[in-house]
Amino acid sequence: MVEDQQQARYYASSDEEDGLLDDDEEDMEQHPLYIKQEKDEEAVLLSNLDVIEISAMTRRTIFFCVLILMGGLGAAGLFFWYGYSEAVKDADDHFDRRSTELVRLMETKWVDYELTALATHEFCQRDNTTHVQFTEFYEYVLAAQLDVQSLQCARNVTNAQRPAIEAESEQYLKETYDYQDYQGFVGLVFDDTGIAAVPNKKQEPYYYIISRMEPFLGNEIAMNLDLKDDELEGKMKLELSWETKKPVLTNRLTTIQETDAAAYAVIIYHPGIPLTTDVPGEYQQATWTSLLVRIPSLLDRVGYLQEENLAIYMYNVLDDVGGREFLGAASFIVEEKGQPATVEYVDEI
């Protein structure tokens with residue numbers, strides 16, 4: 001009985017304690033401090049949400065800024081590349097245009113020599129053209145500011161015509177230059193040491209002889225020289241020119257009076273033109289103009305008209321053997337606008 005009463009009091013106390021606890025929790029929930037703590041936790045939670053939203057917005061802002069920056073850099077790069085490409089294209093177009101003009105100018109200046117050779121042939125084909133008349137014509141050529149190193153008439157003559165030509169030449173040289181060493185037609189001999197001129201050439205059925213020549217001084221050995229002795233550069237080139245009625249060009253050479261070893265020259269052989277007065281089938285005595293072009297002089301004529309810094313390289317296309325042959329090159333340097341360019345001769349590339 002006693003034990004049952006004690007257990008009943010125990011359970012009653014336990015229930016009262018549980019009741020007290022529940023009442024305490026309700027009271028704590030209504031306590032101001034408890035309410036503040038709960039609000040603080042809600043504020044912290046809201047603050048964390050705001051931080052998360054701000055961080056996301058920051059990342060989006062940075063992303064869009066980077067995207068705009070990259071787009072701007074890309075657009076700037078494309079604009080720069082377009083501008084650079086256009087500048088390069090303009091520079092290339094300008095160079096192509098100026099180089100084409102330079103080549104055409106060179107061709108024009110070269111034609112001046114061919115036209116001079118053609119005009120000279122009108123004198124060469126006459127049987128009655130005297131040495132004095134040929135000298136006067138040469139002075140006209142020089143007055144046209146055309147630097148011709150040598151201008152000559154060559155003709156096909158027979159052995160029967162030889163004595164009269166030699167006598168005329170000897171008399172002219174004595175009277176004009178007091179030249180006493182004339183020894184008749186001159187031949188060429190080729191050996192291992194080079195080419196040698198041999199006066200008083202042996203008798204032959206025909207000759208391709210130089211009958212008129214300017215200037216004489218400095219070229220004495222060439223008076224009445226038989227070009228036929230030079231098989232490749234003389235005989236073959238002259239006969240090709242006469243058959244085709246077109247001018248031909250020799251390979252490059254260095255003249256005996258040249259002081260610059262690097263200065264080359266070429267010879268134009270011009271056969272004249274067919275005339276309406278020519279009788280078909282009738283024999284015509286072959287005559288040629290021989291005009292010596294000094295390449296540096298030609299480059300000087302071209303450089304005089306240059307207004308920009310450019311360089312040009314000249315080659316002779318060798319149709320008979322193929323390939324090409326370097327003739328000369330020059331760099332045109334314009335130091336002052338409106339003034340002739342300075343010409344500097346350069347080596348082959």
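Me: In this predicted model, over how many bridges do strand 2 and strand 3 pair?
Reply: Strand 2 covers residues 187-191 and strand 3 covers residues 194-198. They make a hairpin with 2 residues between them. One bridge in it joins leucine 188 to alanine 197 of strand 3. The pairing is antiparallel, and the count is 5 bridges.

Me: Which strands stand at the edges of the open sheet?
Reply: The sheet has 5 strands in the order 4-1-7-6-5, with antiparallel pairing. An edge strand has a single partner strand, so one side of it is left without a neighbour in the sheet. That description fits strand 4 (206-214) and strand 5 (248-249).

Me: What is the bridge partner of glutamine 152 in strand 4?
Reply: Strand 1 and strand 4 run antiparallel to each other and pair over 8 bridges. Helix 3 lies across these two strands, at about 55° to strand 4. As for glutamine 152, its partner in strand 4 is methionine 213.

Me: And what angle does helix 6 make with strand 7?
Reply: Helix 6 packs on the sheet, where it touches strand 6 and strand 7. Its direction and that of strand 7 make an angle of about 70°.

Me: Which element gives the largest share of the largest nonpolar core?
Reply: That core has 31 residues, and Tyr113 and Leu151 touch the most other members. Elements giving two or more residues include strand 1 (150-158), helix 6 (295-303) and helix 2 (32-124). With 8 residues, the largest share comes from helix 2.

How values were computed:
Residues numbered from 1 in each chain as written. Predicted model: local features only at pLDDT ≥ 70, side-chain atom pairs only at ≥ 80, totals over all residues. Heavy atoms only, no water. Core = buried A, V, L, I, M, F, W, Y, C linked by side-chain atoms within 4.5 Å. Buried < 20%, exposed > 50% of the residue type's maximum accessible area, 1.4 Å probe, protein only. Helix = DSSP H or I, 4+ residues; strand = E, 2+ residues; numbered from the N terminus. Pairing = 2+ DSSP bridges. Contact = heavy atoms within 4.5 Å. Axes fitted to C-alpha atoms, helices over the stretch in contact; angles between N-to-C directions.
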